[in-house]
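Colleague: Please take a close look at one pocket of this predicted model, and then place it in its surroundings. I would like the lining described before anything else.

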Amino acid sequence: MNDVILKLNNVTAGYQNGPDILKSVDLTLKKGEIKCIIGPNGAGKSTILKAIAGILRPRNGNVLFNDRDLVGLEAYEIMRQGICFLPQDRALFDTLNVSENLWMAGYTLHDKKELKLRIEEVLTVFPILKKRLSQYAGTMSGGEQQQLIFARAIILKPQIMLIDEPSLGLAPSIVEQAFKHIEEIALTGVSILLVEQNARRGLSSSHTGVVMDLGQVVFEKDAKEVLNDERIQELYLGKRKSK
Ligand SMILES: Nc1ncnc2c1ncn2[C@@H]1O[C@H](COP(=O)(O)OP(=O)(O)O)[C@@H](O)[C@H]1O
Ligand SMILES: [Mg+2]
């Protein structure tokens with residue numbers, strides 16, 4: 001059985017003429033898997049997501065999606081193939097209302113009847129958005145904006161979602177809600193590669209955990225094992241050493 005949907009082989013990448021930030025990274029993602037990348041600031045976690053999404057073109061290596069290499073494709077082509085990138089900075093159209101944001105999300109779909117159906121479908125998943133259809137996205141609460149971001153992604157029926165720091169700037173109860181949505185999305189067969197500063201929270205919703213440092217994968221294990229490993233707790237999960 002080969003249920004690997006995404007496979008990074010020996011990926012090296014950096015910005016402009018700068019040094020290599022990712023150094024020979026290998027990583028796989030399976031269908032329906034939630035994989036959480038943790039590691040210190042500047043480790044290259046966001047850079048991995050950008051290299052997969054085509055925002056940054058790898059200098060070396062392959063990014064195989066269903067066995068086809070994505071390296072060299074433009075970001076919009078990668079998105080069209082079924083990989084949706086949710087960057088850290090929460091890109092919504094603040095001055096468009098919820099309905100317009102949803103229509104914009106599906107602008108690449110030529111079949112507008114199909115798009116209308118998908119929007120109706122997504123509004124049953126996020127009923128709060130149905131009540132907010134004519135509200136400007138920028139005036140909604142953080143939690144509602146987060147739901148709109150997920151809704152916009154789901155409309156494209158992606159096979160993979162790359163999510164950078166979903167908990168950033170959200171109140172604790174909203175963080176819980178966001179991870180609940182992430183788990184539900186994965187249960188529909190979508191694979192999720194997640195970067196999360198709140199490592200404990202990210203790992204507890206994930207199947208596997210990857211620790212990154214200095215542009216390299218240090219190791220990968222079951223998320224539970226990562227959570228329970230004392231050395232990792234000390235190094236990466238902020239557990240104080242007991243005297
Ligand atoms: N747009 C950019 N241009 C140049 N260097 C960048 C850019 N974005 C990130 N970097 C550098 O790449 C390294 C890894 O960054 P990043 O992937 O954002 O780390 P993380 O997400 O793990 O905190 C850092 O040293 C950072 O300064
Ligand atoms: Mg980052």
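Modeller: In this predicted model, the second largest pocket is lined by 14 residues, and those nearest its centre are Glu-121, Val-125, Ile-154, Ile-185 and Thr-188. Helix 4 (112-125), helix 6 and helix 7 (172-187) are the elements that give two or more residues to this lining. Of these, helix 4 gives the most, with 4 residues. By class the lining of the second largest pocket has 8 nonpolar, 2 polar and 4 charged residues. The volume of this second largest pocket is about 300 Å³.

Next, the largest pocket, for comparison. Its volume is about 570 Å³. The lining of the largest pocket takes in 24 residues, and nearest its centre lie Met-79, Cys-84, Phe-85, Pro-87 and Arg-152. Two or more residues of that lining come from each of helix 2 (75-80), strand 6 (83-86), helix 3 (98-105) and helix 6 (142-155). Helix 2 gives the most to the largest pocket, with 5 residues. The lining of the largest pocket divides into 20 nonpolar, 1 polar and 3 charged residues. Helix 6 is thus among the elements that line the largest pocket, and helix 6 also gives residues to the second largest pocket.

The domains account for the position of the largest pocket. The domain assignment gives domain 1 as 1-82 + 160-171 + 191-243, and domain 2 as 90-157. Both domains give residues to the lining of the largest pocket, so this pocket lies between them. The centres of domain 1 and domain 2, taken over C-alpha atoms, are separated by 26 Å. To the contact between them, domain 1 gives 9 residues and domain 2 gives 8 residues.

Two of the helices that line the second largest pocket also meet strands. The sheet concerned is an open one of 6 strands in the order 6-7-8-3-9-10, with mixed pairing. Its edge strands are strand 6 and strand 10 (216-222), each of which pairs on one side only. Direction ignored, neighbouring strands of this sheet are turned by 15 degrees against each other on average. Helix 6 lies across strand 6 and strand 7 (160-164), and runs at about 165 degrees to strand 6. Helix 7 packs on the sheet and touches strand 3 (34-38), strand 7 and strand 8 (191-195), its direction making about 150 degrees with that of strand 8. Strand 7 is therefore met by both helix 6 and helix 7, where contact means heavy atoms within 4.5 Å.

At the other end of the strand order, strand 9 (residues 208-213) and strand 10 run antiparallel and are joined by 6 bridges. Thr-208 has Asp-222 in strand 10 as its bridge partner. The hairpin of strand 9 and strand 10 has 2 residues between the strands, and Leu-214 takes a positive phi near 50 degrees there.

The remaining part to describe is another sheet. This open sheet has 4 strands in the order 2-1-4-5, and its pairing is antiparallel. Strand 2 and strand 5 (68-69) stand at the edges with a single partner strand each, so one side of each has no neighbour in the sheet. Strand 1 (residues 4-14) pairs with strand 2 (residues 20-30) in the antiparallel sense over 7 bridges. Within that pairing, Leu-8 has Leu-27 in strand 2 as its bridge partner. Strand 1 and strand 2 form a hairpin with 5 residues between them, and in the turn Gln-16 has a positive phi of about 40 degrees. Strand 1 also pairs with strand 4 (residues 60-65), in the antiparallel sense and over 5 bridges. Leu-6 stands opposite Phe-65 in strand 4, and Asn-9 has Asn-62 in strand 4 as its bridge partner. Helix 1 (residues 45-53) lies across strand 1, strand 2 and strand 4, and runs at about 70 degrees to strand 2.

To return to the request, the second largest pocket has its lining drawn from elements including helix 4, helix 6 and helix 7.

Terms used
Residues are numbered from 1 along each chain as its sequence is written. Chains are lettered from A and ligands numbered from 1 in the order in which they are written. This is a predicted model: local features need pLDDT of at least 70, side-chain atom pairs count only at pLDDT 80 or more; totals for chains, interfaces and linings use all residues. Side-chain values use heavy atoms; hydrogens and water are left out. On a 1 Å grid over the protein atoms alone, a cavity is a set of points where a 1.4 Å probe fits but cannot get out, and a pocket is an open set with protein on both sides within 12 Å along at least five of seven lines; lining residues have an atom within 4 Å of a point. Grid points are joined across faces, edges and corners, and a volume is the space filled by probe spheres set on the points. Ala, Val, Leu, Ile, Met, Phe, Trp, Tyr, Cys and Pro count as nonpolar, Asp, Glu, Lys and Arg as charged, and the others, Gly among them, as polar. Domain bounds come from an automatic or database domain assignment. Two strands pair if DSSP finds at least two bridges between them. Axes are lines fitted to C-alpha atoms, for helices over the stretch in contact, and angles run from 0 to 180 degrees between N-to-C directions.
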